[in-house]
Amino acid sequence: MEALAQEVHEKVIVADGAPETGPQGGVDADNGPAVTGATAKKKKKNKKPAAESAPIESVILQENDASKDPEADGEDEDDDEGDEVAGSAVTSTAAKKKKKKKNNKKKKKTQTEPPTIPISVLFPSKIYPEGELCDYRDDNLWRVTSEEKRALERQNFDQYNDARRAAEVHRQVRQYAQRSIKPGMTMIEICEMIENGTRNLVEAKGFESGIAFPTGCSLNHCAAHYTPNTGDKTVIQYGDVCKIDFGVHVNGTIIDSAFTLTFDPVYDNLLAAVKDATNTGVREAGIDVRLGEIGAAIQEVIESYEVEIGGKTYQVKPIRGLTGHSIERYQIHGEKAVPIVNNGDPTKMEEGEYYAIETFGSTGRGIVRYDMETSHYGRAIDIPKTPIRLPRARALFETINREFGTLAFCRRYLDRLGEDKYLLALKSLCDSGHVSDYPPLVDVKGSFTAQYEHTFVLRPTRKEVLSRGDDY
């Protein structure tokens, strides 16, 4: 038994990986730990793959089996218990590691209510979702598979990506607004909710990103260009028809989109007429399409609708003086206007252009005029050479130029910058042509007007409706 115990002891040392002494009781510096000849033979005889190396208890068990010692039965039970304990420990460790790994998984961030998380955080790759893609028709269908046109698109990817980022901001902010605007809110509360959401999501930073123009919230017979000035206590009512029109820009690439909000279903057909008309205009638009032809298609759709309000039936009319428009960098209204009636304009749309198709329907005359207090302004694109004489007007113009450039602004934005007592100076700048004013546009009192609008780009291969969403 003592000889057996000695042999087992030697094998235990080998199994534990501790160095064995050589013939002189030392360690071979060149070839690693030295082993005795007898031990080497026994080790060679019992050699197994590394993956199957047995623990100490298994070595003892093998030796006991070989000697067939009847006294080893009690040790077998102890060894079995040891194996169970070791196995349990391994399983427990593995379970902990698995649990730890599972907890380390990053959860995908979702937008808050109200929206506060920047779009760039929600899309860490900084690649933003495409809008609705529409193939061109007829003679331009070949563009989809043209390698030359695809190469052009790759060159313009950064600008498209800026537009998509601005469009995603617009979608998330407007969908929150649609859920949140309720009768009894003031128009200032509505505008500030939309503008604060836009600033947060686009990470407003001057000319790099921000609000493209003041938030329009024109009510009822007022069709466009109304936003409340400071002190305006107007409250939205259950029976109102409110046009929400706001813009977002990234590096000067502007997304301009609008929708109409109502609480009373009596106006549903009015909204349906204008939404259908806007979608028709977007569908008809394309490279080499004449602007007048788009206007004709829009007019036909709008005039095909009727709406009954208060027991009286009205044919929905397009508002002739209001149009869609091309969009330039940092400039909401480009040189081209897209009519919403058939005016015979032969001007064609061209590759690479950005457009806002916006249509307006009215239960009134379908003709608008200026009325109410002005709130919208914009610096002239070509600044006059006439000197600004009033010192206060010069200081105000420096602020406008520094903060907005050619982007539109409103009086609330000047108030936010800390400007005060500026109305006389602002009027002077309008009179000299350095700044343009845009008063509200209204149809006859008692009428109701609606608006829908989308921005798209005429890419070389296909049309992309950037502002399209699940809502409209």
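**Close-up views of the predicted model**

**View 1. The largest pocket and its lining.** In this predicted model, the largest pocket holds about 630 Å³ of space. Its lining is made up of 34 residues, and those that lie nearest the centre of the pocket are His225, His325, Ile332, His333 and Tyr438. Sorted by class, the lining of the largest pocket comprises 14 nonpolar, 14 polar and six charged residues.

**View 2. Elements around the largest pocket.** Two or more lining residues are given by each of several strands, namely strand 2 (209-219), strand 3 (222-224), strand 4 (241-250), strand 9 (324-327), strand 11 (354-362), strand 13 (376-379), strand 15 (435-438) and strand 17 (449-458). Strand 2 provides the largest share of the lining of the largest pocket, with five residues.

**View 3. Strand 4 and its burial.** Strand 4, which is among the elements that give two or more residues to the lining of the largest pocket, is largely enclosed by the rest of the structure, because 10 of its 10 residues are buried. Both faces of strand 4 are covered: on one side Val241, Lys243, Asp245, Gly247 and His249 are all buried, and on the other side so are Cys242, Ile244, Phe246, Val248 and Val250.

**View 4. Pairing of strand 4 with strand 2 and strand 5.** Strand 4 runs antiparallel to strand 2, to which it is joined by eight bridges, and Gly247 of strand 4 serves as the bridge partner of Phe213. Strand 4 also runs antiparallel to strand 5 (residues 253-262), and here 10 bridges join the two strands; within this pairing, Lys243 has Thr260 of strand 5 as its bridge partner. Strand 4 and strand 5 form a hairpin with two residues between the strands, in which Asn251 takes a positive phi near 50 degrees.

**View 5. The surroundings of Glu419.** Glu419 is located in the loop between helix 12 (411-416) and helix 13 (423-432). With a relative accessible area of 16%, Glu419 falls under the 20% limit and is therefore classed as buried. A polar contact of 3.0 Å links the side chain of Glu419 to the side chain of Thr399. When neighbours within four places in sequence are left aside, the residues in contact with Glu419 are Arg392, Leu396, Thr399 and Leu414, so that Thr399 appears both among these contacts and as the partner in the side-chain polar contact.

How values were computed: Residues numbered from 1 in each chain as written. Predicted model: local features only at pLDDT ≥ 70, side-chain atom pairs only at ≥ 80, totals over all residues. Heavy atoms only, no water. 1 Å grid on protein atoms, 1.4 Å probe; cavity = no way out; pocket = protein on both sides within 12 Å on 5 of 7 lines; lining within 4 Å. Points joined across faces, edges and corners; volume = space filled by probe spheres on them. Helix = DSSP H or I, 4+ residues; strand = E, 2+ residues; numbered from the N terminus. Nonpolar A, V, L, I, M, F, W, Y, C, P; charged D, E, K, R; others polar. Buried < 20%, exposed > 50% of the residue type's maximum accessible area, 1.4 Å probe, protein only. Polar contact = N/O pair within 3.5 Å; in protein donor to acceptor, adjacent residues only side chain to side chain. Contact = heavy atoms within 4.5 Å. Pairing = 2+ DSSP bridges.
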